[in-house]
Every structure is written in C-alpha cells, then in structure tokens.
Amino acid sequence: MAHDGHHHDHEEGSELSPIALRVKALESLLVEKGYVDPRALDVLIDTYETKIGPRNGARVVAKAWTDPAFADWLKRDATAAIASLGYTGRQGEHMVALFNTPDTHNMVVCTLCSCYPWPVLGLPPVWYKSMPYRSRAVIEPREVLKEFGVDLPDAKQVQVWDSTAELRYLVIPERPAGTDGWSEEQLAEIVTRNAMIGTGLVTA
Amino acid sequence: MNGAHDCGGMMGFGPVVAEANEPVFHEAWEARMFALMSAVGDVGGWTLDEDRAACEAMEPGHYITSSYYEHWLSGLERLLQTHGLASAEEIASCIASAPSRPVTPTAADAVWPAVTAAGSYERRTGGQPLFRPGDRVRTRHLNPAHHTRLPRYLRGHEGEILACHGAHVFPDSNSRGLGEDPRFLYTVRFRASDIWGNGAPDLIHADLWEPYLEAC
C-alpha cells in the first residue's frame, strides 16, 4: 500500500503534504551530494515491508512450543537460538526471550524511544511508539492490557521490561489449550505480533 | 537530558489506540524517511546513541505533538549538520551548494547483508563487574544535561540485579562523541509498588549501566 502511495506521490507532487515535500526534497539533496543510492532506499523499504516482520517471531514461538531443547536454548541464549533460524541483524543484536507462565505475564515497552526486536517482529506499530503506550505501560500495565482486551487475574504477576539498552525482548506466550498435535506451521499461524510484545494472548 | 522523550509514568496522553491490520508505513514519506535515516547512517559516521540524542533534542512541545518519523527527520537534519555532511543553508534550501564529503553510499545489493549482519554492543574490558545477580542496588539521582538511558521514573529507587550482560557501549559517553567507554550492563528488577507507591504486585525491569547504580 505504501508503495502504491509512493509512486502516486511522485507522479503528482502537488498533492504532497508539507512534510512529504520536505522529506522528498531532503532525499534529492542527499542523492545529489552522493550520500545515498535511491535504489538502496527502495530495497530498505521492501525489506521491512515484505521480508522482516512478525512471522519470523511466530516461527520462533512455534518452535519453542514444540521443541523443548530449542525452548531451553532460548532461555539460555536467545540470540544464538534465534540466529539458528536465520533471524539476525539490526535491533536484534542481543535477544532475550521472556516466557509467560500460568503465574507471570511479560510485557515489553521502550519508554525512552521505540526499541523493538526488528529481526523477529519487524518495525514497531504506531501504538508501540506512541506517548500513551510509552508513558502508561510502566505505571498502569494492567489498564493498558485491558485496552488490548487482556484482562489478567490479580494473582497473575505482570512483569514489565523497559528496553533501555541494546537488549531486545521477545515474549514467548503460553501455548493455548486445544493445540495438541498441531504442527509448527499451524502453531505459527496463530501467534500474533501483540502476543510477542505482551499486549495479547494466543488463542486457538 | 530530562526531555519530553523520557515519558515513563507521565499521565494525560489518553488511551492506547491500536489499529487493526496496520501497514508497516502509513505514508510514502514515512517509508522514505525510515530508509534515509538508515542509508545515510551507513556513511554519516555517527553512532546509534548520537542518533537517539539528536531525535531527543527536539523542542519538547514539538516532540510530543509530532509523529514518530518527524522525530527522525528532525534528528537527521541535526546529524547532517553536526557531522559536516550538509550545511545549514543546504538543509534549509535542499539545494547542494557546499562540497560533499566523499563517501561510498550503500548499494542496493548491500542492504540485506547490512541489515541482517549479527552485531554486538558488548565489549571486552578486562575489568570485573561491581555487582552480581541478587545484589541490592539503588539507582543514582542523576540529571545529566546530555543523553542518558536511565529514565527519570527509575532514579533514586532500590532494585535487585537480575543479570549482568558484560560491558556494553555506554550511551552517555558514546552519544557525545566521547568514544564507546564500555561499562557493565545489568538487568535490574524493581517492584512497581516501590516506584509508584500504589501497592501493585507487579515488577518493572530496565537495563542499566554500572555508573547509574550504587550499592545499598
């Protein structure tokens, strides 16, 4: 969709918003000065629109649910375990897997900016980068969770993880009941992005 | 810096509004801005910490009321000038009028290897960490005028060391061009009730460098 808009914008520049015009002009300057290759910009956009996204993380979760040795490896060295599936790179240099349990629910935020595990989840959604989520996730996580439709019992402890350094967190949600015998591929299909941030639960 | 970006625990921003089936980019300029920051960052000579500091340097009212990629635009315009890649006049006019720095821009076929390369912010220092898992620590009352990663809401509070991750590049130094200055990095666990005084049974964790911490 963004790509269609992109081509459209280039054809009809007069319709661009002030900030779109500004970014377009800045790109022209930087190309002219020899700092960027516009074809590389196209590839960067396509990479994060179509190749690196939450399906990667869903495969990590599904494997953790079906392969106890992999789950154990994730707990000990998430960076290496996740790299073994081919997911490495920017904003995923130091990975930590947080396993939800019947007693514990994990939830990830970056109050200071927007740190997020790109290799497994792609780029963050707008709400994750927004002031409401960043400000409230640490002081009233249960209220925030309710807005996502997650109403936790009082007995379940919420553990919030504020991504203040270069460690990046991936929540491993609880495997839902009724999925015995499902294949890794079937399981990966039901794992949502929000469940891997900790603002959702996985249901079969 | 006690800027608008350091918003943990602030109130009044309203509900979290999540969009169903959200696209990766909502508008074409956001996609171009994302890619520009990444591609220019490859040749600009600045660090991720300087990048964050530049985005945080926005006027607070502007920061709060502008969109995410507008923060990036502001940060990139600042970095281009502070690192001598473009003059203020060039940024304002978007017309090249000064000599360029000779660099080789990232080629299209170099993008995938670059974004998927396994990097690390851990550095060998030979020193020993001051704290061990289980130790009680207190975060220092620090209010530096420069970039830091100790959020305001966690200053002056007691917590417990959960893990030590070795020495990592220290943002407070690296963001100011003072070198990587690696320091030991810890995951520290706080009780939410200690932070907010609200009796909540929950826990909050943050990854904090040794200079942010003292024994207690």
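**Entry 1. Strand pairing between the chains**

I looked first at where the two chains share strands, and I found that strand β3 (residues 157-162) of chain A pairs with β5(B) in the parallel sense over 4 bridges. Two strands pair here if DSSP finds at least two bridges between them. I noted that A:Trp161 stands opposite B:His205 in β5(B). For the names of elements, I took helices (H or I, at least four residues) and strands (E, at least two) as DSSP runs, numbered from the N terminus.

I record that this is a predicted model, in which local features need pLDDT of at least 70, side-chain atom pairs count only at pLDDT 80 or more, and totals for chains, interfaces and linings use all residues. Residues are numbered from 1 along each chain as its sequence is written, while chains are lettered from A and ligands numbered from 1 in the order in which they are written.

**Entry 2. The side of chain B that touches chain A**

How many residues of chain B are in contact with chain A? I found 70 residues of chain B in contact with 70 residues of chain A, where two residues are in contact if their C-beta atoms, placed from the backbone, lie within 7 Å. The elements of chain B that give two or more residues to this side are α1 (28-44), α4 (68-82), α6 (111-116), β3 (158-168) and β5 (203-209). Of these, α1(B) gives the most, with 11 residues.

I then sorted this side of chain B by class and obtained 46 nonpolar, 13 polar and 11 charged residues. In this scheme Ala, Val, Leu, Ile, Met, Phe, Trp, Tyr, Cys and Pro count as nonpolar, Asp, Glu, Lys and Arg as charged, and the others, Gly among them, as polar.

**Entry 3. Helix α1 of chain B**

I examined α1(B) next. It has 17 residues and reaches 23 Å from its first C-alpha to its last, close to the 24 Å expected at 1.5 Å a residue. The expected span of a helix is 1.5 Å times one less than its number of residues.

Why is α1(B) described as largely enclosed by the rest of the structure? I found that 13 of its 17 residues are buried, so the description follows. A residue is buried if 20 or more other C-beta atoms lie within 10 Å of its own, exposed if 12 or fewer, and partly exposed in between, with C-beta atoms placed from the backbone. Just after α1(B), B:Gly45 takes a positive phi of about 85°.

I chose one residue of helix α1 of chain B, B:Ala35, for a closer look. B:Ala35 counts as buried because it has 24 C-beta neighbours inside 10 Å. Leaving aside its neighbours within four places in sequence, I found B:Ala35 in contact with A:Leu41, A:Leu44 and A:Ile45.

**Entry 4. Helix α4 of chain B**

I repeated the length check on α4(B). Its 15 residues should span 21 Å at 1.5 Å a residue, and its end C-alpha atoms are 21 Å apart, which agrees. The buried residues in α4(B) include B:Tyr69, B:Trp72, B:Leu76 and B:Leu80.

Against which elements do the buried residues of α4(B) pack? I listed α2 (18-32) of chain A, together with α1, α2 (48-56), α3 (60-65) and α5 (88-93) of chain B. After α4(B) comes B:Gly84, whose phi is positive, near 70°.

**Entry 5. The two parts of chain B**

I read that chain B is divided into domain 1 (28-116) and domain 2 (122-215); such bounds come from an automatic or database domain assignment. The C-alpha centres of these domains lie 29 Å apart. I found 6 residues of domain 1 of chain B in contact with 4 residues of domain 2 of chain B. The side of domain 1 that touches domain 2 has 1 nonpolar, 1 polar and 4 charged residues.

I also consulted the UniProt record, an unreviewed entry, which annotates residues 1-106 of chain B as "domain: Nitrile hydratase beta subunit-like N-terminal". That span is 50% helix and 0% strand. The unreviewed entry further annotates residues 122-214 of chain B as "domain: Nitrile hydratase beta subunit", and there the chain is 10% helix and 38% strand. UniProt positions are given in the numbering used here, feature names are shortened, and annotations may be inferred rather than shown by experiment.

**Entry 6. Whole chains**

I closed with the totals. Chain A has 12 helices and 4 strands, and buried residues make up 51% of its 204 residues. Chain B has 8 helices and 6 strands, and buried residues make up 40% of its 216 residues.
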